[in-house]
Amino acid sequence: MLTIYGSDLSGPAIKVRLTANYIGIDYKWQPLNLREGEQKQEWFLKINPVGKIPAIDDDGFHLFESNAICKYLAEKHRSPIYPADMKKRIVVEQWIDFVGFHIGVHFSTVAFSRIFAPRMNRPVNEKALEDAQKFLDQYFPLLEKQLGAHKYVVSDEMTLADLVLFATLEPAELANVSLAAYPNLSAWRARLKRQPFYTKSYKEYGEMLVAKK
Ligand SMILES: N[C@@H](CCC(=O)N[C@@H](CS)C(=O)NCC(=O)O)C(=O)O
């Protein structure tokens, strides 16, 4: 049995959960209390020595890092979202890296500053926030172009790159990151939000955050 250790509010954990849902894998969802430091307890450090979520235990096989977990699940279940063909797979990897390095990093800065810092009474680095927003403004148009050329990020086929981007953008409204200037990106997002992999075990991020307050 697969156990996913996570938290409802963690983007990387959301990514793993949505990927498992999309592939159609049965799993046990095990939320950890990050505020209480459950992720640093000895039993969990045996699963992930870094002391972070998400991590999985798949019948004794332990793995951490959300992208590695998603690739493992897709590969294990031979899902077409992670193509077997070498060139097709590398192009998916390319977009996963692009999303991670040029969108995810900056999006996290904005989300942390606008969602979590106020909740945790932490100071906001305004310069870092402004720079992060500028990077997003620079790179969103590229995704807009991709999604204008075909149905999904890489092609007309859904891939892991879509799930990685989708999970990354989940708190957009709450983090006050407007996607209104990107109609293709917005329509792609709305389309995915209507699919069972999302509606099955997921509530809108904002709804969840309010519930957890
Ligand atoms: N690169 C990692 C990021 C993991 C991560 O930063 N997890 C955060 C939650 S979003 C965490 O566990 N924070 C608690 C801590 O650092 O103690 C991944 O993609 O899995």
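Let's start with T3, whose bridge partner in β3 is D57. Helices and strands here are DSSP runs, with H or I over at least four residues for helices and E over at least two for strands, numbered from the N terminus. One thing to keep in mind throughout: this is a predicted model, where local features need pLDDT of at least 70, side-chain atom pairs count only at pLDDT 80 or more, and totals for chains, interfaces and linings use all residues. Residues are numbered from 1 along each chain as its sequence is written.

So, back to the strands. β1, residues 2-6, and β3, residues 55-58, run antiparallel and are joined by four bridges. I4 of the same sheet region faces I56 in β3. On to β4, residues 61-64, which also runs antiparallel to β3, again with four bridges. There, I56 stands opposite L63. The hairpin of β3 and β4 has two residues between the strands, and D59 takes a positive phi near 50° in that hairpin.

How are the strands ordered in the sheet? The order is β2-β1-β3-β4, in an open sheet of four strands with mixed pairing. Pairing here asks for at least two bridges found by DSSP between two strands. As a reminder, strands of a sheet pair through backbone hydrogen bonds, either parallel or antiparallel. β2, residues 27-31, and β4 are the edge strands, each pairing on one side only. From one strand to the next, the twist averages 20°.

Now the helices around that sheet. α1 lies across β1 and β2, and runs at about 155° to β1. For these angles, axes are lines fitted to C-alpha atoms, for helices over the stretch in contact, and the angle runs from 0 to 180 degrees between N-to-C directions. α1 also packs with α3, at an angle of about 10° and with the axes 9 Å apart. That makes α1 roughly parallel to α3, a label for angles under 35 degrees, while over 145 is roughly antiparallel, 65 to 115 roughly perpendicular and the rest oblique. On the α1 side the contact uses P12, K15, V16, T19, A20 and I23, and on the α3 side S66, I69, C70, L73 and A74. Contact means C-beta atoms, placed from the backbone, within 7 Å. By class, that contact has eight nonpolar, two polar and one charged residues. In this scheme Ala, Val, Leu, Ile, Met, Phe, Trp, Tyr, Cys and Pro are nonpolar, Asp, Glu, Lys and Arg are charged, and the others, Gly among them, are polar.

Next, please look further along the chain. The axes of α4, residues 86-120, and α6, residues 160-169, come within 9 Å and cross at roughly 10°. That makes α4 roughly parallel to α6. From α4 the contact takes V92, W95, I96, V99, I103, G104 and F107, and from α6 it takes L160, A161, V164, L165 and T168. Those residues divide into 10 nonpolar, two polar and no charged.

How do the domains fit in? Domain 1 covers 2-76 and domain 2 covers 86-199, with bounds from an automatic or database domain assignment. Their centres, taken over C-alpha atoms, are 21 Å apart. The contact takes 11 residues from each of domain 1 and domain 2. On the domain 1 side, α1 (11-23) and α3 (66-76) each supply at least two residues, and α1 gives the largest share, seven residues. That side has five nonpolar, four polar and two charged residues.

Last stop, the ligand. Which residues surround it? They are S10, G11, P12, L34, Q39, G51, K52, I53, P54, E65 and S66, where near means a C-beta atom, placed from the backbone, within 6 Å. That shell has four nonpolar, five polar and two charged residues.

Two residues in the shell deserve a closer look. The peptide bond from I53 to P54 is cis, with omega near 5°, and P54 sits in the loop between α2 (42-45) and β3. E65, in the loop between β4 and α3, has a positive phi of about 75° although it is not a glycine. For context, most residues other than glycine have a negative phi, and most peptide bonds are trans. Thanks, everyone!

Definitions and conventions. Contact = placed C-beta atoms within 7 Å.
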